[in-house]
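Please write a brief report on this structure. Cover the overall fold, how the helices pack, and a few individual residues.

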Amino acid sequence: MNSFDNALGAFDSTSRDLRQRTLTGLAFRRLLRHRLALVGVGVIALLIFAAVMSPWLAPYDPVEMDPGNALQAPTREHVMGTDEYGRDLFSRVVFGSRTSLAVGIISVSIALSLGTALGLVSGYYLGLLDTVISRTMDLLYAFPPLLLTLLIIAIMGTGIDKAMIALGIIYTPAFARVCRGSVLTERGKVYVEAAQMVGASNFRVIRTHILPNVLAPTIVNATLFMSHAILIEAALSYLGLGTQPPMPSWGMMLKQGRDVMQLSPWPSLWPGLAIMTVVLAFNVFGDGLRDALDPKLIGK
């Protein structure tokens, strides 16, 4: 009998893995047919390449000043021109991509980890624990993101590291709510009840059976919130609360370019275009990923 149960369990596991690979393949093919999403992937890949290779791509030191060449228009030597201190704008934009990418990845990773853990616990156990977690997330969710970020930074202090922690905290409720909703849908299904009936621990049920099935909406959420994090970091740097000089940041470059806009548009134009392009890329990629992972469309 034990041999039969083991064989049946192995067959069920193999069938589930095969089905999962099939659904993943269908989602991947749907994503490949989404042209805007592919454009977004290309821009994101370019951003990652620029961030990783910035020490080799940048022709000049991004913080080195050359007052004699201040506010130059684009030339062969300075393809994007120079700022009010004579610093090469192309080098600063390239190095600024490292800041934006780091803020997006780290802050969203914090929110993803905390929000998913809280959502899993809240949606699975329910009761008083669910009430406490849900009301706390609702309280945080009620604040406008930028206002709550400013409040947290006022408590912890300025700096890019503080900004990343603050962004991770303010995005946690969004991930927790999405994960909790998915868990509520999954916890009543037959495969979860079967695992509980055979004596599987709560931790094993959550880790093995529920978590893999709630990851899709969470990953889509993470992709979309990358653009939000980059935008808010730019706003914080613009206000002087995020990245501090002389470290290059697109938001800081916008702030500095504002003061000389009447003399030269280039110091504001290039970081503004960079922010707009990257945010749009993450948004269209997130939309394409959401469509590709939609269970109602995945078989079409």
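The report below goes from the whole chain to helix pairs, and then to single residues.

## Basis of the model

This is a predicted model, in which local features need pLDDT of at least 70 and side-chain atom pairs count only at pLDDT 80 or more, while totals for chains, interfaces and linings use all residues. Residues are numbered from 1 along each chain as its sequence is written, and side-chain values use heavy atoms, with hydrogens and water left out.

## Overall fold

The protein chain has ten helices and zero strands. Here, helices (H or I, at least four residues) and strands (E, at least two) are DSSP runs, numbered from the N terminus. Read from the N terminus, the elements run α-α-α-α-α-α-α-α-α-α.

The chain has 300 residues, and 40% of them count as buried. Buried means under 20% relative accessible area, exposed means over 50%, and partly exposed lies in between (1.4 Å probe, protein chains only). Take the contacts between residues at least 6 apart in sequence: 71% of them join residues at least 24 apart. A contact means heavy atoms within 4.5 Å.

## Helix 3 and its partners

Helix 3 (89–125) is a neighbour of helix 4, and it also packs with helices 6 and 8. The axes of helix 3 and helix 6 come within 5 Å and cross at roughly 35 degrees. Axes are lines fitted to C-alpha atoms, for helices over the stretch in contact, and angles run from 0 to 180 degrees between N-to-C directions. The crossing is right-handed. A crossing is right-handed if the near helix is turned clockwise from the far one by less than a right angle, and left-handed if anticlockwise. The residues of this contact divide into 21 nonpolar, nine polar and one charged. Ala, Val, Leu, Ile, Met, Phe, Trp, Tyr, Cys and Pro count as nonpolar, Asp, Glu, Lys and Arg as charged, and the others, Gly among them, as polar.

Helix 8 (residues 202–238) packs against helix 3 at about 145 degrees, with the axes 7 Å apart. This crossing is right-handed too. Its contact residues comprise 17 nonpolar, seven polar and one charged.

## Helix 4

Helix 4 (residues 127–141) has 15 residues and spans 21 Å from first C-alpha to last, close to the 21 Å expected at 1.5 Å a residue. The expected span is 1.5 Å times one less than the number of residues. Its buried residues are Asp130, Ile133, Ser134 and Met137. Seen down the helix axis, they fall within an arc of 95 degrees, so they line one face. The arc is that of the directions from the axis to the C-beta atoms.

What covers these buried residues includes helix 3 and helix 6 (160–186). The face turned away from the buried side carries the exposed residues Leu128 and Leu139.

## Residues to look at

Thr116 sits in helix 3. At 10% relative accessibility, Thr116 counts as buried. Leaving out residues up to four places away in sequence, Thr116 touches Ala111, Cys179, Leu211 and Thr218.

Helix 8 holds Asn221 and Ile219. Asn221 is buried, at 13% relative accessibility. With the same sequence neighbours left out, Asn221 touches Ala174, Phe175 and Val178. The C-alpha atoms of Asn221 and Phe175 are 7.1 Å apart, across 46 residues of sequence. Ile219 is partly exposed, at 43%. Its C-alpha lies 8.6 Å from that of Leu112, 107 residues away along the chain.
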